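Open the model in your viewer and keep the selection tool at hand. We will go from one stop to the next.

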Amino acid sequence: MGRRCGILMFLVAFAVIWCGGVVVFAQQQNQTVYLNVDAGQPIREIPSTLFGIFFEEINHAGAGGLWAELVSNRGFEAGGPNTPSNIDPWSNIGDAKSVLLVTDRSSCFERNKIALRMEIFCDSEGTNQCPEGGVGVYNPGYRGMNIVEGESYHVVFWIMSTGSVNLSVAFTSSDGLKILAASSIIASNSEIQNWTKKELILKATATDHLASLSLTSSKKGIIWLDQVSAMPVNTFKGHGFRKELAEMVADLKPGFIRFPGGCFVEGQWLRNAFRWRQSIGPWEERPGHFGDVWNYWTDDGLGYYEFLQLAEDLNTTPIWVFNNGISHTDQVSSSTIEPFIQDILNGLEFARGPSNSTWGAVRATMGHPDPFNLKYVAIGNEDCGKQYYQGNYLKFYNAIKLFYPDIKIISNCDGSSKPLEHPADMYDFHIYTSASNLFSMTNKFDRTTRTGPKAFVSEYAVTGYDAGKGSLLAALGEAGFLIGLEKNSDVVEMASYAPLFVNTNDRRWNPDAIVFNSWQQYGTPSYWVQQLFKESNGATLLPVSFQGNASSKLVASAIRWKSSESKEEYIRVKAANFDSSALMLDISITGLPSGSIRRLDSKLAILTSNNVMDENSFDQPKKIVPIAVAMENGGTDTSFPVPSHSVIFMDLPIDPVLHSAI
């Protein structure tokens, strides 16, 4: 095994890339580990759905995040149905002698009756003149609106007045002193004596990442405002998703998207659980709700329809997690669960029914006449131990299978250690633990029964001290675990990290895969580990074996995959070294005709850092990412040093001329 035809000559280059990186490679390499990959004896095709994403409305992931709406509390409903109410984060421009802001129940929208009544006492002339720029109200969004020079923004609002109006609509700088974009609404009393919708396109002439939207006037009178929205014109595929964040998700090539939660689906109380019917239809008519698990208001602009649209835009499989009559605090008994079942059947018809069906017609009016490709549902979230779960589950299961026999149903109960007590197509498995424990769980599914429902590892992550706000150590533990899932992909059908997003101004959970504020974003090391597995979906799993006494802190896997862009085929070897010692890895690829690997085109990348607790940040967004390292030769036999605490992957291109011989 001691071949060295592919020795890497990159130590100096790597030291340049990583400040102090030489320290890593200066460690004594205690041993050489021999790894054999048998490309001639493929094990199986990996499910195309194996690695995906899980979205939950947590950490303001959607409201103020993936959903590109800039206005927070756009319908003034967050303060509750009673008036007067708290309109936070809206605030007045001008003092109490010039303007009064109060909520009332005058809205034209029956499901959200609260509107803002703005009484202006000053005027453009006379003894009580308005200050320069007028008085009114402003909204800072979700800790600032990202307004970029040259970009256009679609502003919509509903207005009513007792008289004529001259209302300025503007994006202003964070200090309120600079106009970034502006337009005016000039209307007679007859035009707006009843609720009227106004739409504007504002093009920014300057940039401010912490801007606000202001509506001001210097004309005495009373103006009512409601459902004030501002969205960038340029969104992901034109469907309202923040482009940069959606592109980071798309870069993972997810095999599925599980939505909308999580605990968000359950609610602390059922009255605050996510309800799909309240989140569809015209956005102005959606009542929104208070998510009492993560304790913030969402207007549900990112609703059931938008999640299905996002799955389609990502070219991935939607998995709908719905409430089964159980929250964290209260439950519906199995004897009275039927209305909840009918509600979910209606939701399935909304997604899958023809455009002339009752709920399919609602979907069609929203702009999607063709059914969505919804084939997976999860009955509840982490509810298996609850009193009524088993009874409720069976009733949902039987009803769904009766009308939609092709839909795969996911149980909350863990079937990895013992058989389920009810029918299911898959069972949900969640694991949050330390880095060392998760790494050791690379063998978790080795001894799971190969018959019966498959596993859906829908929530996994390293948490606690090891995780920080997204450490290398956490990513190492997760890499080892994912290698185990890949090797057990005959019994594990899907897996997703949790949570996906966090607004750095509202951390409800640590760590998370993608961190953002109003204008920046970066992936944690855990995000970049997921990048290393994105080619595994639909690939062919190859057998690997260590020769000799390999450390239990080193795990590896190999796949054969085909690039959708270049159509070239590769053998990818991944290895995670959880040890504090560096090693020399000697890889031998067998089972291929001689010369079938294009040696000069082989690629290697390493994910590591000087300290296992290192993290990425807005200042250093790519401090810990896979660093591509030039290889002198790849070939079927190659050796290279593997740093302590690192993840490596190597792509070996297969010569297409020899494709038929493999």
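This is a predicted model. Begin with its largest nonpolar core, which has 117 residues. Select Y304, W320 and F501: within this core, they touch the most other members. Now highlight helix α11, residues 472–487. Helix α11 gives the most to this core, with ten residues.

Next, centre on W320. Which residues does W320 touch, leaving out those up to four places away in sequence? Show F259, P260, W276, Y304 and I344. Then add G347, L348, L374, Y376, V377 and A378. Y304, from the opening selection, is one of these contacts of W320.

Now move to another core, which lies apart from the largest one. This second stop has 41 residues. Pick L70, A181, I185 and A204, which are among them.

Turn to the empty spaces. How many cavities of 30 Å³ or more does the structure hold? There are five. Go to the largest cavity, where about 100 Å³ of space lies.

Select the lining of this largest cavity in two steps. Take F51, G52, I53, L252, P254 and Y460. Then add L482, A495, S496, Q530, F533 and K534. Colour the lining by class: eight residues are nonpolar, three are polar and one is charged.

Finish with the strands around this cavity. Show β3 (51–54) and β23 (492–497), the elements that give two or more residues to the lining. Which element gives the most? Strand β3 does, with three residues.

Key: Residues are numbered from 1 along each chain as its sequence is written. This is a predicted model: local features need pLDDT of at least 70, side-chain atom pairs count only at pLDDT 80 or more; totals for chains, interfaces and linings use all residues. Side-chain values use heavy atoms; hydrogens and water are left out. On a 1 Å grid over the protein atoms alone, a cavity is a set of points where a 1.4 Å probe fits but cannot get out, and a pocket is an open set with protein on both sides within 12 Å along at least five of seven lines; lining residues have an atom within 4 Å of a point. Grid points are joined across faces, edges and corners, and a volume is the space filled by probe spheres set on the points. Helices (H or I, at least four residues) and strands (E, at least two) are DSSP runs, numbered from the N terminus. Ala, Val, Leu, Ile, Met, Phe, Trp, Tyr, Cys and Pro count as nonpolar, Asp, Glu, Lys and Arg as charged, and the others, Gly among them, as polar. A nonpolar core is a set of buried Ala, Val, Leu, Ile, Met, Phe, Trp, Tyr and Cys residues joined through side-chain atoms within 4.5 Å. Buried means under 20% relative accessible area, exposed over 50%, partly exposed in between (1.4 Å probe, protein chains only). Contact means heavy atoms within 4.5 Å.
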